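Trainee: I would like to learn how to read helix packing. Can we work through a case together?

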Amino acid sequence: MTTMTAIRPLPVRTRSAAPRPAAFNALRTLAARRFALSVRTPRELVVPLLTPVLFALVIAPALRDALGATHGGVDYMSFVALATVGLLIPLNTQFAGLSVIVDRLSGAQRELLAAPVRRALLVLGNLVVVVAITAVQLAVLVVLAAIRGATFDITAAGLAWFVGAVLLFTIGMYGIAEAMASRIGRQEEFISATPAVAIVPWFFAGSLFPISVLPGFLDVFAKFLPLTHALAVVRYGLMGARASGLTNIWGMSNPTAMAALSLGVVAVFAVLGVTLAVRTFSKAAVH
Amino acid sequence: MNDEIDGAAIEVQSLRKVYAGGVEAVRGIDFTVSRGEVFGLLGPNGAGKSTTIGILTTTVRPTGGAARVAGHDVVREPLAARAASSVVFQDQVLDLTLTGRRNVEIHSRLWNVGGAARIDELSATLGISDIIDRPVAIYSGGQRRRLEIARALVSDPQVLFLDEPTVGLDPRIRHELIDVIAGLRSTGMTILLTTHYLDEAERLCDRVAIMHEGEIVALDTPPALLASLGHEVVELRVRGDGSHALSMLRGRGIADDAAFVVGGTVTLPMRNGDAPEVVAAIRGMSLDITALATRQPSLDDVYLRLTGNTFAGAA
């Protein structure tokens, strides 16, 4: 233990004009902090990955064996394997939202709120890390699924659709998670709300079956879920138009147009999510 | 650097804060802190100290009035106000899994200042250089507090807010930290200090404001506040509530309106009277006295007279 027996004069000076950091530098610092905290907490990296990997590697092949390899010319295992993207992203972003509550309860957030940076950057700094971690996890998921037997048709254009959909959906879902974290006081309450946000929509969004087989009112409900659109674009990108389910959503004949419309829905969701997160956080930060 | 700040370092004018639900935490307070001054805000929990600091550090939005830090309005120019100041919070505010150095680096980057040499310099001075590269989770309470002070100083703030910096620390570490803060006095940095410990305020502060129920009930230098009680006080303890004893003392003309009671203790400031005569008069009364003494007045007496409270009860 260190003891302080004598206090030397403190090397302190004051200055009149403290230059504030550029927004990019502040964002980089905040993201680096969040990343350093995240990588020291394996829970945030591994736990969200467990269920989707289990689905992709165990349940998807089992469903294929039980129900048949192809349905309507679509490889069912690949169909389900990509559905796990819709499970991974919400779970991952919810876990990231939990860290915001930890920041607040531990008091660490107060130091950040006293910093000369716009408070929106605190949200965006977290978002950058969530996107980066999610990207790594998605790559792991897709590669493992491919190794297990899923077949993807990977082209540059398809990959762009996939990346666009998962990026925008991640942004939107993190916005929801951060807004929840700003409104919910305790970790236990946040965790209890997580299934409703991260898991329930997955069952209605055409994850395991096309939304056309849902009862009529649920079919309509599914079309309003951002996850339905995100999954459709993800499948359009890596499996083609037939597996995407875009026709069930839009009823049009041009797959590219339908994919663009669905991507637009996810983009609107992303913008609304981030806006909600920044507003909620800023409002909660100042009493 | 050591650039000059024009005018007051902190200006507070008619500042009010009413929280949702109608709780009026700050009721139109005014004070000014000059550059290089160490200013103390005293008062129990609920007095409005933390709300005042919250407004000055831009985490609480005022309902009325104005406040400026280093000349920057905290509502209209919050970023500039925050850039000119640092805070050591009452509760420890650190990323425990990160090293001490990383915690300070994050602050210095967000404030766009400093560097490794500056961090080494401060950590050496504050006696934490041998642990600065270890996770904060292993630090003792005193080491964490010193790290927080190093972090606050790394940005060379014009104004340093210290919100109850020694609360919860053991006496030895507390006295070490008082020495550290005392060392800041000579640097010319403006400090706004809140504390429950009146000895700290008496030792460290150029001026002290005593807050009670959202208002400033006294504001002066510690010697001037002490002088308001005269050169001596007579203190007697009685069994049970001291209010009855005080009434009797007033009835006999022994106690004036400066006298006050806390529990079973009655304190009589000797603003005009003579202590030996008062003691003799008290001994001649039929009071159930358990202790009777004279002593020098302290800031505790000033505080208790003005607020009718105890710090122990407020902590």
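Trainee: What covers the buried residues of α10(B)?

Mentor: Ground rules come early. This is a predicted model, where local features need pLDDT of at least 70, side-chain atom pairs count only at pLDDT 80 or more, and totals for chains, interfaces and linings use all residues. Residues are numbered from 1 along each chain as its sequence is written, chains are lettered from A and ligands numbered from 1 in the order in which they are written, and side-chain values use heavy atoms, leaving out hydrogens and water.

Mentor: Helices (H or I, at least four residues) and strands (E, at least two) are DSSP runs, numbered from the N terminus. Contact means heavy atoms within 4.5 Å. The cover of the buried residues of α10(B) includes β11 (233-238), α9 (243-251), β13 (265-269) and β14 (289-295) of chain B.

Trainee: Which residues of α10(B) are buried?

Mentor: Buried means under 20% relative accessible area, exposed over 50%, and partly exposed in between (1.4 Å probe, protein chains only). In helix α10 (residues 275-283) of chain B, the buried ones are A275(B), V278(B), V279(B) and I282(B). Seen down the axis of α10(B), they fall within an arc of 100°, so they line one face of the helix. That arc is taken from the directions from the helix axis to the C-beta atoms. The face turned away from the buried side of α10(B) carries the exposed residues P276(B) and E277(B).

Trainee: How are two packed helices described?

Mentor: By the angle between their axes and the distance between the axes. Axes are lines fitted to C-alpha atoms, for helices over the stretch in contact, and angles run from 0 to 180 degrees between N-to-C directions. Take helix α1 (residues 23-39) and helix α6 (residues 119-148), both of chain A: they pack at about 55°, with axes 8 Å apart. That makes α1(A) oblique to α6(A). Angles under 35 degrees count as roughly parallel, over 145 as roughly antiparallel, 65 to 115 as roughly perpendicular and the rest as oblique.

Trainee: Which residues of α1(A) and α6(A) meet?

Mentor: Among them are L27(A), L30(A) and F35(A) in α1(A), and L121(A), V128(A) and I133(A) in α6(A). By class, this contact of α1(A) with α6(A) has 12 nonpolar, 3 polar and 1 charged residues. Ala, Val, Leu, Ile, Met, Phe, Trp, Tyr, Cys and Pro count as nonpolar, Asp, Glu, Lys and Arg as charged, and the others, Gly among them, as polar.

Trainee: At what angle do α6(A) and α13(A) cross?

Mentor: At roughly 130°, and the axes of α6(A) and helix α13 (residues 255-285) of chain A come within 9 Å. The two are therefore oblique to each other.
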